Amino acid sequence: MFHKTKSFFTESHKFLLLGPMVKKFLVFVQILFLLVLSSGCGGAAIWGTKGGMPQRWYSSIDGTGNDISPAWDIGYETLALTSPVSDGENAYTVTTTENGPGVVVLDMRTGRQVIAPVFLDEAFTYELALDQNYLFVTSGSNLKCFYKKTMLENWTLEFDGEEVVSMFEHKDSLYGVTNIGTAFCIHKETGVFKWKTDVAKDYVFRWATLGELELFVTGSPKGFDYTHIFALSFIDGSVLWHLEFDGPPDYPPQASAYTLLVNSRARMYAYDTRSREKIWYYSITGLDGQPSTLGCNPCVYGNQLLVPSKSKIARIDLKTGTEESKMIVPNTLQMRGVIASKDTLFVALNGDPMLYAFDMKTGLPTKKIEGKRTILGMALCGGLLIQSQEAITLLK
C-alpha cells in the first residue's frame with residue numbers, strides 16, 4: 001500500500017464550519033459547475049497536448065477562480081516525475097514505493113484512493129493522457145492503455161528500448177514521439193499503429209506538438225545545442241519540412257491555430273505553419289529590461305501568449321508579438337510553471353510560497369498559497385490539481 005503522511009495544510013476543511021444553508025448552496029453550485037464541465041473534462045480539449053503544452057502544464061478554459069483554498073492534500077513517500085490528470089470525477093497519477101511505481105486513482109471529492117494501485121515498470125519519468133474511456137500511461141519503453149473506470153488493461157506496446165517522452169490523444173488517435181525520434185500515430189481503441197516514422201538519426205527528442213495541419217516533433221542532434229522542429233504529415237508521418245534554432249529544446253513549441261511558437265535563447269518566435277514564414281519575434285527581458293531567458297514554459301491564453309521571465313510575466317499579442325502588459329511576481333523564487341483558467345493565472349514557485357494566483361483582468365496577485373513544495377506538475381479540471389515531490393493536492 002502507498003503510505004500517507006501528515007498534510008501540511010491545517011485548514012483544509014474550513015467549509016465544514018459553514019452553516020447548513022451555505023453548505024447547501026455550495027453543493028448546488030458544485031453540481032451545476034460539474035454538469036457544465038462534464039462535456040469537456042477528460043476530452044481532447046482538456047488533457048491532450050493540442051496547443052503544445054506538455055501534459056504537466058496543460059490548461060483549458062476552466063472556471064477555477066483566484067480565491068482558491070485547499071480541498072484535500074495527501075502526502076506520499078515518493079511521487080514520480082509526472083503530472084496528474086483528471087476527468088472531474090477521478091484523478092490519475094503515478095507514485096512510487098518500495099514495491100515499485102504504480103498508477104493510483106483518487107476520488108476528486110475526497111482525495112481517497114478508489115482502486116488498488118496498478119504497478120508499472122521502473123522509469124525516470126512517466127507520461128499520462130486521458131480521454132472519455134481510456135487512460136494511457138508510459139513507463140520507459142512500455143506504453144499501456146487502461147479502461148479508466150476499472151483500470152483493466154486494454155492493450156500494451158513495447159518500443160524495444162526506446163522511451164516515449166511525449167504523447168497526447170486527439171479524436172481516435174494517440175500521437176507521440178520517443179527519445180530517439182520514433183514518431184507514431186496509434187488507434188486508441190485497438191493499439192494498432194496507423195503509422196510509425198523514424199524522424200532523424202543521432203538525435204535526442206523531447207516534445208510532440210499538434211498543429212492544425214501537421215504533427216511537430218522537437219529534438220536536437222546529439223552533442224549540439226540546436227533545436228530542430230520537424231513537421232510531419234498526419235496521413236503517413238512523412239517529414240514535410242523543418243526549422244532550426246540556436247539553443248537546446250528546453251521548452252516545447254506551442255501551436256495556436258496556424259501559428260507555431262518557439263523559444264530560442266532569449267527570444268520567442270512565431271511562424272505561420274501555412275506559409276512557413278516567420279511572423280514576429282519577441283525579445284525576452286526581465287524587470288530590469290535586460291535580456292532574460294524563460295522562467296518556465298509559456299502559456300497560450302486566448303489571443304495572448306504569457307511569457308514568464310525572472311519575476312515577470314509578459315502578455316504578448318499572438319498576432320503581432322507586441323508586449324501589451326506585464327504581471328510582476330512578488331518573489332524571487334524560480335517559477336516552476338504557469339497555468340491559466342478563464343479568469344485566473346496560477347504561478348507555481350520552487351519553494352515557499354508554492355503558488356500565486358493572479359486576476360487576469362487586473363494583472364494583480366490575489367492569492368498566495370504557503371507551503372514549501374517542489375511542484376512537478378499541475379492541471380485544471382474543476383479545480384487546480386497539483387503534484388509536488390511531497391504530496392498530491394486539490395485547490396478549489
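# Notebook: strands, turns and charges

I began with Glu158 and found it in strand E11, residues 153-158. I kept in mind that this is a predicted model. Buried or exposed, or in between: where does Glu158 fall? Glu158 is partly exposed, at a relative accessible area of 44%. I then looked for charged company. Glu158 gathers with Asp121, Glu122 and Asp160 in a surface patch of negative charge.

**Entry: strand E12 and its hairpin**

I moved on to strand E12, residues 164-170. How many of the residues of E12 are buried? I noted 7 of the 7, so the rest of the structure largely encloses this strand. Next I looked up the pairing. E12 and strand E13 (residues 173-178) run antiparallel and are joined by 6 bridges. I picked one pair to follow: Phe168 has Tyr175 in E13 as its bridge partner. The two strands form a hairpin, with 2 residues between them. In that turn I checked Lys171, which has a positive phi of about 55°.

**Entry: a second hairpin**

I looked at strand E30 (residues 355-359) and strand E31 (residues 365-369). They run antiparallel, with 4 bridges joining them. Which residue of E31 stands opposite Tyr356? I found Lys368 there. E30 and E31 also form a hairpin, here with 5 residues between them. Gly363 sits in the turn and has a positive phi of about 75°.

**Entry: backbone angles**

I noted the background first. Most residues other than glycine have a negative phi, and most peptide bonds are trans. Then I searched for departures.

I stopped at the peptide bond from Asp352 to Pro353. That bond is cis, with omega near 5°. Where is Pro353? I placed Pro353 in the loop between strand E29 (344-349) and E30. The hairpin of E30 and E31 from my earlier entry follows that loop.

Asp202 caught my eye next. Its phi is positive, near 60°, though the residue is not glycine. I located Asp202 in the loop between strand E15 (193-198) and strand E16 (203-210). Asp202 is exposed, because its relative accessible area is 57% and the cut-off is over 50%.

Arg276 was my other stop. Here phi is near 65°, again a positive value in a residue other than glycine. Arg276 is in the loop between strand E22 (267-272) and strand E23 (278-283). I read 39% relative accessibility for Arg276, so this residue counts as partly exposed.

**Entry: salt bridges**

Side chains of opposite charge can pair when their charged atoms come close. How many salt bridges does the count come to? I got 13. I followed some of them.

I took Arg373 and Asp73 to begin. They form a salt bridge, and their closest N and O atoms are 3.4 Å apart. Arg373 lies in the loop between E31 and strand E32 (375-380), while Asp73 lies in strand E2 (residues 70-76), so the pair ties together parts that are 300 residues apart in sequence. I checked cover too: both Arg373 and Asp73 are buried.

I turned to Lys312 and Glu323. Their side chains meet in a salt bridge, 3.4 Å from N to O. Lys312 is in strand E26 (residues 312-317) and Glu323 in strand E27 (residues 323-328), so this pair ties together parts that are 11 residues apart in sequence. Lys312 counts as buried, at 4% relative accessibility. Glu323 counts as partly exposed, at 30%.

Then I looked up Arg274 and Asp272. Their salt bridge spans 3.5 Å, N to O. Which way does each side of this pair go, buried or exposed? Arg274 counts as exposed, at 54% relative accessibility. Asp272 is buried, with a relative accessible area of 16%.

I also found a network of salt bridges. It links Asp131, Glu169 and Lys188.

**Entry: strand E32**

I closed with Leu376, which is found in strand E32. Leu376 is buried, with a relative accessible area of 6%. I then compared its position with that of Gln387. The two are 11 residues apart along the chain, and their C-alpha atoms are separated by 5.6 Å.

Definitions and conventions
Residues numbered from 1 in each chain as written. Predicted model: local features only at pLDDT ≥ 70, side-chain atom pairs only at ≥ 80, totals over all residues. Heavy atoms only, no water. Patch = residues over 30% accessible without salt bridge, like charges linked within 9 Å, V, L, I, M, F, W, Y side chains within 5 Å. Areas by Shrake-Rupley, 256 points an atom, 1.4 Å probe, with all protein chains shown as cover. Salt bridge = Lys/Arg side-chain N within 4 Å of Asp/Glu carboxyl O. Lys, Arg positive; Asp, Glu negative; His and termini not counted. Charge placed at Lys NZ, Arg CZ, Asp CG, Glu CD. Buried < 20%, exposed > 50% of the residue type's maximum accessible area, 1.4 Å probe, protein only. Pairing = 2+ DSSP bridges.
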